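Please set out, for a reader at the bench, how this chain is put together. The report below should go from its strands to its cores and then to its pocket.

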Amino acid sequence: KVAVTGRYLLDEKRGGDLKARGVKQGFKEDKATADGVGFNYYSRVVKMHSFRIAFFRPNRGDRCVAILDECTAFLQSDKFPEHIIKYLLMYNPISKEWELFKQSGPLYGENSAPRRWEDTYAPYLQSQGFTRGDNDKSIYYNETLDMLDLVYVDDNYLDGDYHNILHTEKIIKARFECKELEWVKPNAPPIDYLGMMMSIDDLRTYLCMEKY
């Protein structure tokens, strides 16, 4: 009786891949019952002007740019506290049966999922020597590595020395499952970041926002 329903969705990603995902119908949740009275649902993503300032950095020298994407980030959030118990009711389109699940952590579509992911990811980066920005809370900087990480939910824009980017990748992959690192290389095909295509050549830096 207290279960919230969800749906299985099939999406075609920008690269052409197909992805199926179970999504909770969070709009049906009673928030006070689900997460407690006064839960703060506000979550942050890096501002677009912060990204553009970083990408168009002058006198870049030997600094590189790479994109690192966590796999199904919300599902890698910390588990619910013991006092939070949630149930999910899903209709299986293959078996034609209703399936009841007890949740151990947040799901896509869940009201609290973006905030719970931020509360998982931010403290981890800070524990690894990254300082969080004051004006833009989705900017992280490691002074020792001279390493910049701009975070948009599960998309990390990494800016730094080649070897320090690889070191940062190891730090993040030690805690979270990630996709392969994508490098923005001179005269190579553009890399997609948030729907914007980044590319560089021997003289200039380009950001194409046609698809965005």
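## Strands, cores and a pocket

Strands β11 and β12 form a hairpin with two residues between them, and Leu 194 in the turn has a positive phi of about 60°. Helices (H or I, at least four residues) and strands (E, at least two) are DSSP runs, numbered from the N terminus, and two strands count as paired if DSSP finds at least two bridges between them. This is a predicted model, in which local features need pLDDT of at least 70 and side-chain atom pairs count only at pLDDT 80 or more, while totals for chains, interfaces and linings use all residues. Residues are numbered from 1 along each chain as its sequence is written, and side-chain values use heavy atoms, with hydrogens and water left out.

### The chain as a whole

The chain contains four helices and 13 strands, and its C-alpha atoms fill a box of roughly 60 × 35 × 30 Å, taken along the principal axes. Buried residues make up 43% of the 212 residues, where buried means under 20% relative accessible area, exposed over 50% and partly exposed in between (1.4 Å probe, protein chains only). Of the contacts with a separation of 6 or more, 60% are between residues 24 or more positions apart, a contact being heavy atoms within 4.5 Å.

### Paired strands

Strands of a sheet pair through backbone hydrogen bonds, either parallel or antiparallel. The table lists three antiparallel pairs, each with a bridge partner.

| Strand pair | Bridges | Residues standing opposite |
|---|---|---|
| β6 and β7 (residues 139-142) | two | Thr 131 and Tyr 141 |
| β11 (residues 191-193) and β12 | three | Asp 192 and Met 197 |
| β12 and β13 (residues 205-208) | four | Ile 200 and Thr 205 |

A hairpin with four residues in between joins β12 to β13. Four of the five residues of β12 (residues 196-200) are buried, so this strand is largely enclosed by the rest of the structure.

### The six-stranded sheet

Six strands form an open sheet in the order β6-β7-β8-β9-β3-β10, with antiparallel pairing. Strands β6 (131-132) and β10 (182-183) stand at the edges with a single partner strand each, so one side of each is left without a neighbour in the sheet.

Helix α2 (residues 48-55) lies across β3, β7, β8 and β9 (155-160), and runs at about 150° to β8. Helix α4 also packs on the sheet, where it touches β3, β8, β9 and β10, and its direction makes about 15° with that of β3. For these angles, axes are lines fitted to C-alpha atoms, for helices over the stretch in contact, and the values run from 0 to 180 degrees between N-to-C directions.

Two residues show the surroundings within the sheet. Ala 66, in strand β3, is buried with a relative accessible area of 0%. Leaving out residues up to four places away in sequence, Ala 66 touches Asn 156, Tyr 157, Leu 158, Ile 165, Leu 181, Glu 182 and Trp 183. Ala 66 and Glu 182 are 116 residues apart in sequence, yet 5.4 Å apart in space, C-alpha to C-alpha. Asn 142, in strand β7, is buried with a relative accessible area of 5%, and, with the same sequence neighbours not counted, touches Gln 128, Gly 129, Phe 130 and Met 147.

### Nonpolar cores

A nonpolar core is a set of buried Ala, Val, Leu, Ile, Met, Phe, Trp, Tyr and Cys residues joined through side-chain atoms within 4.5 Å. The largest has 25 residues, of which Tyr 121, Leu 125, Ile 165, Ile 172, Phe 176 and Leu 181 touch the most other members. Two or more residues of this core come from each of β3 (64-69), α3 (113-127), β8 (147-152) and α4 (162-173), and α3 gives the largest share, six residues. Apart from this core lies another of 17 residues, among them Met 48, Val 65, Tyr 157 and Met 198.

### The largest pocket

The largest pocket has a volume of about 880 Å³. Of its 27 lining residues, the closest to its centre are Lys 13, Arg 14, Asp 69, Asp 155 and Lys 179. The elements that give two or more residues to the lining are β2 (18-24), β3 and β11, and the largest share, three residues, comes from β3. A pocket here is an open set of points on a 1 Å grid over the protein atoms alone, where a 1.4 Å probe fits, with protein on both sides within 12 Å along at least five of seven lines, and lining residues have an atom within 4 Å of a point. Grid points are joined across faces, edges and corners, and a volume is the space filled by probe spheres set on the points.
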